[in-house]
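Please load the model in a viewer and keep the sequence panel open alongside it. The tour below proceeds by selection, with a short account of what is found at each stop.

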Amino acid sequence: MKKTTIKLHEVECGVCGTHSDHYIITDSSSDGAPDLDFRPSYPHRASMKYWVMECPECGFCSDLLNKRIVCGREYLESEEYNNLGGLKPENELAAQFIKAALVFRQEGQLTDAVKEYLYAAWVCDDDKNDEAARSCRMAAIAIMDANPEVFESDDNTVVLKADMLRRCGEFDRVTSEFNRRLKTLMPNIVREFEIRTARKLIRRAYRCDEIPGIAMKK
């Protein structure tokens, strides 16, 4: 049976220089189809706690702590960073992902910021904390809304936005925005599935292989 393997590494913080030990994934795989928001299946799905690191000294959170950031320690000490931008996930791992998202947003790395907010939402999904999961997804959507030049020219991000909106209960936006303005970008089968489920007011997660007409490689 496939499994995720990890290894303990000492990592130097790119902000304050503190050395700390963190587990890093050395090998991982997924046995089934991902969700429509690209969340992988098991066993990789269960490895999320290794997707983010936090410096025990300055609180810097990132996928790799040895990164250098322009915003520096001053931002890490800010009210926005320490209050998680107003989000309240009630989960330490989700909070780490949100902090990573805030840093990426501050650094102008918007695609990475959206991913980190989405990871936080997945953690909240697992906690059955629907309100917090929705807040994390809406934070990601706000970045996408404010930066159409970054996110509206890529099929994957268009599909992701549609799914996040539906999961947030923003059904009217799914049926109007994606039925009208982005028809040429989103693959028709996926677009129509998102619109159809939004019209039925369905918010649940779907795997890619649950869409009629989509063939997944075994």
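**A pair of cysteines**

Select Cys13 and display its side chain: the closest cysteine sulfur is that of Cys58, at 3.6 Å, which is too far for a bond. The model is a predicted one, and the distance quoted here is computed from its atoms. Now select Cys58, whose sulfur in turn has that of Cys13 as the closest cysteine sulfur, at 3.6 Å. A disulfide requires the two sulfur atoms to lie within 2.5 Å, and by this rule the count comes to 0 disulfides. Is Cys13 buried or exposed? Cys13 has a relative accessibility of 2% and therefore counts as buried. Cys58, with 10% relative accessibility, counts as buried too.

**The whole chain**

Zoom out and colour the chain by secondary structure. There are 9 helices and 4 strands. Read from the N terminus, the order of elements is β-β-β-β-α-α-α-α-α-α-α-α-α. Along the principal axes, the C-alpha trace spans about 50 × 45 × 30 Å. What radius of gyration does the chain have? The value is 18 Å, and a compact globule of 218 residues would have one near 17 Å, so the two agree.

Switch to a surface representation. The chain exposes about 11400 Å², of which carbon and sulfur atoms supply 47%. Of the 218 residues, 47% count as buried. For a contact map, consider residue pairs at least 6 apart in sequence: 55% of their contacts join residues at least 24 apart.

**Arg39 and its partners**

Select Arg39 next, in the loop that runs between strand S2 (19-27) and strand S3 (53-54). Its relative accessible area is 3%, under the 20% limit, and so Arg39 is buried. Which side chain does Arg39 meet in a polar contact? Display Asp126: a polar contact of 2.7 Å joins the side chains of Arg39 and Asp126. To complete the surroundings, add Pro34, Arg45, Met48 and Trp122, which, with Asp126, are in contact with Arg39 once neighbours within four places in sequence are left aside.

**Helix H5**

Select residues 130-146, which form helix H5. How far apart are the end C-alpha atoms of H5? They are 24 Å apart, and this agrees with the 24 Å that the 17 residues should span at 1.5 Å a residue. Within H5, highlight the buried residues, among them Ala132, Ala133, Cys136, Arg137 and Ala139. Further along H5, Ala140, Ile141, Ile143 and Met144 are also buried.

**From Met144 to Thr157**

Keep Met144 displayed and select Thr157, which belongs to helix H7 (residues 155-167). Apart from neighbours within four places in sequence, Thr157 is in contact with Met144 and Phe151. With a relative accessible area of 15%, Thr157 is buried.

**Last stop: Phe178**

Finally, select Phe178 in helix H8 (residues 171-181). Phe178 counts as buried because its relative accessibility is 1%, under the 20% limit. Now add Lys161 and draw a distance between the two C-alpha atoms. Phe178 and Lys161 are 17 residues apart along the chain, and their C-alpha atoms are separated by 9.6 Å.

Notes:
Residues numbered from 1 in each chain as written. Predicted model: local features only at pLDDT ≥ 70, side-chain atom pairs only at ≥ 80, totals over all residues. Heavy atoms only, no water. Helix = DSSP H or I, 4+ residues; strand = E, 2+ residues; numbered from the N terminus. Buried < 20%, exposed > 50% of the residue type's maximum accessible area, 1.4 Å probe, protein only. Polar contact = N/O pair within 3.5 Å; in protein donor to acceptor, adjacent residues only side chain to side chain. Contact = heavy atoms within 4.5 Å. Expected span 1.5 Å × (residues − 1). Rg over C-alpha atoms; globule rule 2.2 N^0.38 Å. Areas by Shrake-Rupley, 256 points an atom, 1.4 Å probe, with all protein chains shown as cover.
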